[in-house]
Amino acid sequence: MKGEGEWHRRKHGASKCRVWRKIHIGIDEETLEIRAVEVTSSNAGDAPMLPELLKQIGLDRQIATVTADGAYDTRACHDAIADRGAAEIIPPRRNAMPWKRDSAGARARNEILRASKPLGRALWRNWSGSHRRSRVETKMNCVKLLGQRLMSRDFDRLVAEVQIRAAVLNRFTALGIPLTVAMG
């Protein structure tokens with residue numbers, strides 16, 4: 001005699017376990033082009049991907065600022081940003097305490113913490129320009145407008161498909177942003 005789950009499996013077949021993929025992107029704030037793309041499984045966090053995204057941007061390209069949300073308030077993220085010589089705009093977590101370890105990333109994070117304490121979180125976000133991270137959310141919405149689903153099943157082909165989508169969006173962005181020229 002078979003139990004209910006065993007009967008259901010025999011009658012209807014094994015359930016299909018869906019595998020979700022996450023796309024992590026880094027954009028250029030001035031041109032709004034996608035500069036870095038990383039594809040991971042659904043169980044990978046966002047913060048560990050930041051150093052990988054920064055590695056995709058060549059060392060010959062200057063990075064002025066890295067803007068992210070509070071999930072990126074980790075030592076690895078702050079150190080990776082400091083190694084590239086960029087300014088960071090990452091709000092500290094609500095219960096944040098100064099870090100004791102003396103590194104460039106820890107010093108920058110402690111400065112943000114010192115600045116945000118007297119101002120308050122809302123004023124610090126307005127003062128620092130933290131709202132600019134919404135541009136990457138807008139770009140992610142554009143990625144989704146190209147289609148919610150990826151066609152490839154193989155992971156390497158799936159990564160290639162995402163990179164092609166990024167190239168298409170970069171071309172659309174280049175065609176759609178007007179150039180403004182000052183007249184004498």
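I began with R35, which at a relative accessible area of 29% is partly exposed. I keep in mind throughout that I am working on a predicted model.

I then looked up the acidic partner of R35 and found that E33 forms a salt bridge with R35, with 3.1 Å between the closest N and O atoms. For E33 I noted a relative accessible area of 18%, and because the limit for buried is under 20%, E33 counts as buried. I followed the pair further and saw that D28, E33 and R35 are linked in a network of salt bridges.

Next I turned to K22 and D46, whose side chains meet in a salt bridge with an N to O distance of 3.3 Å. I placed K22 in strand β1, residues 21–27, and D46 in the loop between β2 (34–41) and α2 (50–56), so that this pair, 24 residues apart, links distant parts of the chain. On accessibility, I recorded K22 as partly exposed at 26%, and D46 as partly exposed at 30%.

I also checked helix α2, where E52 and K55 lie three residues apart, about one turn of the helix. There I found a salt bridge between E52 and K55, the closest N and O atoms being 3.6 Å apart. I listed E52 as partly exposed, with a relative accessible area of 33%, whereas K55 is exposed at 63%.

How many salt bridges does the count come to? I noted 10 salt bridges for the structure, among them the pairs K22 with D46, E33 with R35 and E52 with K55.

How values were computed. Residues numbered from 1 in each chain as written. Predicted model: local features only at pLDDT ≥ 70, side-chain atom pairs only at ≥ 80, totals over all residues. Heavy atoms only, no water. Salt bridge = Lys/Arg side-chain N within 4 Å of Asp/Glu carboxyl O. Helix = DSSP H or I, 4+ residues; strand = E, 2+ residues; numbered from the N terminus. Buried < 20%, exposed > 50% of the residue type's maximum accessible area, 1.4 Å probe, protein only.
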